[in-house]
Amino acid sequence: MRRFLRGKIFAATMTTMLIGGNALACVPRSTQQALDVIGLRSTLMVSALACGMRPQYDAFMHRFQPHVLAAQHEMDAYFHRLHGRAGQRHEDTYVTGLANVQARAGEIQGPHFCDSSRTLFNKVLALKTESELNDFAMQSPARQPIVTVACGINETESFRRIADLAERP
């Protein structure tokens, strides 16, 4: 019985520590939304370059440029808040990693990549509003070089004390 209880307590503590680590590194909803939109833009850019779909990419940017620019500013602010003066360097690394992840996906898909890119462009160009773009980017997330966790966990004082013991990512 004692071993059973110790196992349950250990499992609960480890779960809390894992959740605590994620909660400490969470991003606000607006930042997650911006990263989703920037991820989609990167996917479309790589697709345009690899598959000769520059006109479709230009149409996307023409329609959603103000919104994509706002997402870019939100991402700039996120990296600056997270890394201070080194924020731009970290953001540049992220954007490069994002493009590399997208390009690698294209290599893995091989000849099917351009077909799936065409389908993606058709879906994106059918969107009419920024809200539809946000929803699409969230529901069809781009491959990312980093993992982010949206904020929303309600923390208690005891939760924070246990989270303080958790290993940082």
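Me: Ala, Val, Leu, Ile, Met, Phe, Trp, Tyr, Cys and Pro count as nonpolar, Asp, Glu, Lys and Arg as charged, and the others, Gly among them, as polar. With that in hand, how many polar residues are in the lining of the second largest pocket?

Reply: Welcome! Keep in mind that this is a predicted model. The lining is made up of 17 residues. Sorted by class, these are two charged residues, seven nonpolar ones and, for the polar class you asked about, eight.

Me: How far can I trust the model, and what is the mean pLDDT of the protein?

Reply: A pLDDT of 70 or more is reached by 74% of the residues, and the mean for the protein is 80. Residues 4-24 fall below 50, although this stretch has 17 contacts in the model beyond near neighbours in sequence. Where pLDDT is low, the predicted coordinates should not be read in detail. To come back to your question, the mean pLDDT is 80.

Me: What pattern of helices and strands does the protein follow along the sequence?

Reply: The protein has seven helices and two strands. Reading along the sequence gives their order as α-β-α-α-α-α-α-β-α.

Me: What share of the 169 residues is buried?

Reply: Counting as buried takes a relative accessible area under 20%. The accessible surface of the whole protein is about 10,800 Å², with 58% of that belonging to carbon and sulfur atoms. Of the 169 residues, the buried share is 33%.

Me: Let's return to the second largest pocket. Which helix gives the largest share of its lining?

Reply: This pocket holds about 320 Å³ of space, and the residues nearest its centre are Thr43, Gln102, Gln109, Ser116 and Leu120. Three helices each supply at least two lining residues: α2 (29-51), α4 (87-109) and α5 (113-125). The largest share is six residues, and the helix behind it is α5.

Me: Is Ser117 buried or exposed?

Reply: Ser117 sits in helix α5. Leaving out residues up to four places away in sequence, Ser117 touches Ser47, Cys51 and Met53. Its C-alpha atom is 7.9 Å from that of Cys51, 66 residues away in sequence. With a relative accessible area of 3%, Ser117 is therefore buried.

Me: How about Gly106: what distance separates its C-alpha atom from that of Ser117?

Reply: Gly106 is part of helix α4. Gly106 counts as buried because its relative accessibility is 13%. Along the chain, Gly106 and Ser117 are eleven residues apart, and their C-alpha atoms are separated by 9.2 Å.

Me: One more residue, please. Is Tyr78 buried or exposed?

Reply: Tyr78 belongs to helix α3, which covers residues 54-83. Setting aside residues up to four places away in sequence, Tyr78 touches Val27, Thr31 and Thr148. Between Tyr78 and Val27, 51 residues apart along the chain, the C-alpha distance is 8.4 Å. A relative accessibility of 9% is why Tyr78 counts as buried.

Me: Finally, what percentage of the contacts with a separation of 6 or more joins residues 24 or more positions apart?

Reply: Ser117 gives one example of such a contact, as it touches Cys51, and these two are 66 residues apart in sequence. For the protein, the percentage you asked for is 80%.

Terms used:
Residues numbered from 1 in each chain as written. Predicted model: local features only at pLDDT ≥ 70, side-chain atom pairs only at ≥ 80, totals over all residues. Heavy atoms only, no water. pLDDT = per-residue confidence, 0-100. Contact = heavy atoms within 4.5 Å. 1 Å grid on protein atoms, 1.4 Å probe; cavity = no way out; pocket = protein on both sides within 12 Å on 5 of 7 lines; lining within 4 Å. Points joined across faces, edges and corners; volume = space filled by probe spheres on them. Helix = DSSP H or I, 4+ residues; strand = E, 2+ residues; numbered from the N terminus. Buried < 20%, exposed > 50% of the residue type's maximum accessible area, 1.4 Å probe, protein only. Areas by Shrake-Rupley, 256 points an atom, 1.4 Å probe, with all protein chains shown as cover.
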